[in-house]
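Me: Got a minute to go through a structure with me? I'd like to pick at a few spots and see what turns up.
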Amino acid sequence: MAEISKTYSPKEVESKWYSYWMEKKFFHSVPDKREPYTIVIPPPNVTGVLHMGHMLNNTLQDVLIRRARMLGRNACWVPGTDHASIATEAKVVAMLREKGIKKSDLQREEFLKHAWEWKEKYGGIILEQLKKLGASCDWERTRFTMDEKYYRDVINVFVDLHQKGCIYRGLRMVNWDPVAKTAVSDEEVFFKQVNTQLVYVKYKVAVDSHSESPSFGGVGEAVIIATTRPETIMGDVAVAVHPDDERYKHLHGKKVIVPLVNRAVPIITDESVDKEFGTGCLKITPAHDKTDYEIGKRHNLPSIDILNEDGTISEAGKVFVGLDRIVARKKAIQQLQEEGLLVKMEDYSHQVALSERTDAVIEPRLSMQWFMDMKKISKPALDAVLNGEVKLIPEKFINTYKHWIENIHDWCLSRQLWWGHRIPAWYDEEGNYVVAKTHDEALKLYSIKHQTSTINHLRQDEDVLDTWASSWLWPISVFDGFEKPNGEINYYYPTNDLVTAPEILFFWVARMLIAGYEYKKEKPFRNVYLTGIVRDKQGRKMSKSLGNSPDPIELMEKYSTDGVRVGMLLCSPAGNDLLFDESYCEQGRNFANKIWNAFRLMKGWNVDETSQVGISNPDQQSSNALAIDWFNAKFNEQLEIINDLYSKYRISEALMATYKLVWDDFCAWYLEMIKPDFIDGKSQPIDSYTYNSTIEFFEDLLKILHPFMPFITEEIWHLIGEREEKECVIISNWPKSKKADEKIRKQMSAFMESVIAVRAVRNEKNISPKEPLELFIRTDKDLHGFKNLEGLLKKLCNISAVHYTNKKIENATSFIVSNIEFYIPLKINIAEEKERLSKELDYNKGFLQSVQKKLANEKFVQNAKSEVLELEKKKQADAEAKIKALEEQLKSM
C-alpha cells in the first residue's frame, strides 16, 4: 500500500483522479437496461469563463449526477456551450478593432471566418474549467449550438413554425440596444431606478388649426408638457389629453407647435392619458415609446424615427443630427431655454430599461422584425407546471411562472447580427419573401407561390435568430431527437433534473417546456431546481464591476476543489440567494483535512488479528461492541435523513447532515470511543473486529461524501487497501439504509449528554483532564444501561470509578441527564452551587412555560403533526422531571 503523507495534497490528487476517471470512461453513457438519469447542462456562453454562479450551478449538478451513478442508474450529463450571438459578436468586433479592422469593412463571410477562429481559440475555456471543478460530464457528447446538426434543427423548427402560422414578420415596437445595434426581447431587458430630471416644455397653441403652417396664437396660449426625454421632441406627431380633463376641453381639435422643429401637430383625446402625471398633457412619439405607439395606432398617426441604430439623431430629427441621444438631450434643453420654451425642471426618479447584454439604455423603436406568436403554443407548458407534471423547486416560483405565461408577449426572434443562425427567409427585389430551409427550396417555393420560373436568385435575410431560439431546443437536439426520433432520445428523454438560475426561468426553462410539448408531446425534464443568486457577505450581487467576485480557479488553488465545493454548498439553500464568504471555503478545506487525519489515525493503529472483539480488558471489549452498535444505528438513521433531503432537493441540508455525521458522530465520538489506550507511552493494539468494522463504516462515509468531495474520497478509497482496476468509489454502490436500532441510539444519546456534562464540570471548576474523578449515579433502575457504558465513561471522561447510589451525595457538584442525577465529589462552595442550581431551575421553569403555552394553543394542537405533538409532550415531561430534581437538590442544601 502507498505511504500516507502527513498532509493532504489536493493539487496532485485532483489531476490524477480526474484523468483516471476520464481514461476509464466512467462519465460516458450509452443506453442499456438500467434506468437512465439524465441532466443537460445549461450551456454557458462560448465567450464565458467560470464565475461563482457557474460554480454553484455545476457543483449541484455534479452532486446529483454522481449520486445517481452510485445508485446504479445510467447517469448521463450532457455538456456544451451556447454560441451567444450578442456577446460573441462583441468579442470578435473588439478583437478585429485591435487589429485595425472594422466590421463594416468586411463581408459577412469574412467576418464569420474571424468569428469561428475566435471560437476555436477561446470557446472551450469554460469547459476546461468545469473539468477543474470535477464536473463528471459525458465529454464525448459535448455539443455547441451552432454545430452542423444543431443548426439544421434550428432552421427546420423555424420553417415548421412559420408554416403553422406561429412565426410571422411585422413592423412592431421593439426593445433596441444601441450599443449592440440589435433588437432584444422583453426578457433581455432589466429595469433600474435612475435619478433624472422632468423637463416642463411649452408647446404653443396654433391660431389657425387648419393651416399647414399655422402662426402662433396672438395671446401666446400654450400647453405645458412634462417629459424625461426632450431629445425625442423632434419625433412628436401629436399631443394627447384625457377627454374628461376640464383644463383642456377648449383645445380639443386644435393644433400645437412642436418646439425645436416648429411642426404643427393635433391635440387628440385618449383615455389612456394619466390626468395626474405631470400636467396631464402627453407628447406622442410613436416611433420611440410603446404607449405612444399604441395611441398612434388607435388614432392613425404617422411615425417619425429620429434615431439611428447607434442611438444618434437621424436626418429625420432635423436638428442635432449625428449627436448621441444623451448629448442631444442636453442640447435640446439648452435650445428650449434660449427660445423661452423651457418652463422648469424637477428632479425625478423612475425606472429605466437597460439591456441585459450591454447595460445600454434601451430605446423603444419601431422596427420590422420576426416574431413568434407565443400564445398559440404556450398553454401545455403552463398546464405542466400547474398540474405538477413538471416540478419547480422551490415552489415559490410557480406563481411567477404562471403570471409570465398568462401574460406572455410575442417573442421578437430576429437580431441584427452576423454571428448566429441566419433566418431562413428569402426575398426578391420588391421585398416579397418565402421561408425555406435552403436557397434551392426557396426558389421552388417562390416559383409555385408567384407562378413564375424566371427567377434564379433570392436574397437571404441578413438577420440571425435570438440565441434563445436555438437553446430552447437543447434537451431534444443534444440527443438528435429531430433527426433520429426513435434513437437515443427515446431512452434519455425526458431528462430528470434541470439545475439553473431563476433569472433564466423565462429565457430558457419556459421555452424549453414549450418546445418539448410542441415537438415531443412530452415534458423535457421532470424537475427544475432553481438556485439562488451568489452574493457577497454584504448582500451585493457578485459582479466584475463591483470587484466583489473572487476567481473560482484561484479559490480552488487556495482551498482545494473539494473545499470550495463544500464551501459553496454550505450556504446555498434552493431558490434563496446565498451570501458567499471565503471562510466557507476555508471550512471546506478544514473538513477535508479532518477526514484525512481521521484516516491517518485509523491506519496508524496496530491490529491484533488474533482477537475478535476487544483486547484483554473486558471493559474495552464491551465498550467497542457498544460503540460499533451505536454508530451502525446512527449511520442508518442519518442515511435515511440524507436520502430524504436529496429527494426534496435540499442539497445544502444533505451536505450539512453528512458533514455532522462525519465530523461529530464519527470523528469526535466514535473514534474516541474505540481508539486504543496508551499505556506507558505506547499505543495498545486494536482488535480486528473493531478495526474492520471501523474501516467498513469509513468506506460508507466516503461513499456518501463522494458526491460533494469527489477527489479526497477517491484518493482515500484507494489508500485504504488494494482495489481492482475499476473498483473506484465513483462507481461504488450507494449504501442501503437498514432499520436503525432505536434503543442503542437513545442509550448512547443519554451517555453522550453525561460525557458532555462531566467535561463541562471540569471546564467550569478548572480541573485538568489528567486528574481522575469519581462519578456517582443516583438511580434505582439502570434505565439507560450506564453499567454497560462504564468502560466508555471512564475512557472519555477519565473517571477512576463509577458508583451507583439511591441517595444524594454530600459535598459534590451535580448535574441531571435524562432525569438521572449525577454527582462528582468535590470541595464545593455551597453558595456558588446554590446559585448555579437556582439559575438552572429558573431556565427550566421558563422553558416549561413556553412548552405549556404551545400545548395550550388549540390551533397548534389541531394543526401539528402527531410526531411534533409527541415531541412537545416529551419536552414537557422532561422539563417537569428536571425541575423536580433541581428543587430537591436545592432543598437538601
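Me: Let's start with strand 2: which residue there is the bridge partner of V40?

Reply: That's V78. Keep in mind that this is a predicted model.

Me: And how do strand 1 and strand 2 run, parallel or antiparallel?

Reply: Parallel, with 5 bridges joining strand 1 to strand 2, residues 74–78. To get from strand 1 to strand 2, the chain passes through helix 2 (residues 52–70), and this β-α-β crossover is right-handed.

Me: How many residues of strand 1 are buried?

Reply: 5 of the 5, counting residues 36–40, so strand 1 is largely enclosed by the rest of the structure. Both of its faces are covered: P36, T38 and V40 are buried on one side, and Y37 and I39 on the other.

Me: Switching to the surface. Which residues make the nonpolar patch of about 220 Å²?

Reply: V49, Y122 and I125 make that one.

Me: Where does Y122 sit, and why does it count as partly exposed?

Reply: Y122 is in helix 4, which covers residues 108–122. Its relative accessibility is 33%, and partly exposed is the range between the 20% and 50% cut-offs.

Me: OK, backbone oddities now. What kind of peptide bond links I393 to P394?

Reply: A cis one, with omega near 0°. P394 is in the loop between strand 15 (391–393) and helix 10 (397–406).

Me: And what about the bond joining Y493 and P494?

Reply: Cis too, and omega is about 0° there. P494 falls in the loop between helix 14 (489–492) and strand 22 (495–500).

Me: What's the phi of A84?

Reply: It's positive, about 50°, although A84 is not a glycine. You'll find A84 in the loop between strand 3 (80–81) and helix 3 (85–98).

Me: Is A84 buried or exposed?

Reply: Buried, with a relative accessible area of 5%.

Me: Then N798, what's its phi?

Reply: Near 55°, again a positive value in a residue other than glycine. N798 lies in the loop between helix 24 (790–797) and strand 31 (799–805). With a relative accessible area of 24%, N798 is partly exposed.

Me: Back to sheets. In what order do the strands of the 3-strand open sheet come?

Reply: The order is 19-18-20, and the pairing is antiparallel. Strand 19 (433–435) and strand 20 (459–460) stand at the edges with a single partner strand each, so one side of each has no neighbour in the sheet.

Me: How many bridges join strand 18 to strand 19?

Reply: 3 bridges, with strand 18 being residues 425–427. For a landmark, A425 stands opposite V435 in strand 19.

Me: Last topic, cysteines. How many disulfides are found in the whole structure?

Reply: The search finds 0.

Me: Why is there no bond between C571 and C585?

Reply: Because the C571 sulfur is 7.9 Å from the one in C585, its closest cysteine sulfur, and that is too far for a bond. The cut-off for a disulfide is within 2.5 Å. C571 is also buried, with a relative accessible area of 9%.

Me: And where's the nearest cysteine sulfur to C797?

Reply: In C667, 19 Å away, and C797 is in no disulfide. C797 counts as buried, at 3% relative accessibility.

How values were computed
Residues numbered from 1 in each chain as written. Predicted model: local features only at pLDDT ≥ 70, side-chain atom pairs only at ≥ 80, totals over all residues. Heavy atoms only, no water. Patch = residues over 30% accessible without salt bridge, like charges linked within 9 Å, V, L, I, M, F, W, Y side chains within 5 Å. Areas by Shrake-Rupley, 256 points an atom, 1.4 Å probe, with all protein chains shown as cover. Salt bridge = Lys/Arg side-chain N within 4 Å of Asp/Glu carboxyl O. Helix = DSSP H or I, 4+ residues; strand = E, 2+ residues; numbered from the N terminus. Buried < 20%, exposed > 50% of the residue type's maximum accessible area, 1.4 Å probe, protein only. Pairing = 2+ DSSP bridges. Right-handed = clockwise from strand over helix to strand, strands pointing away.
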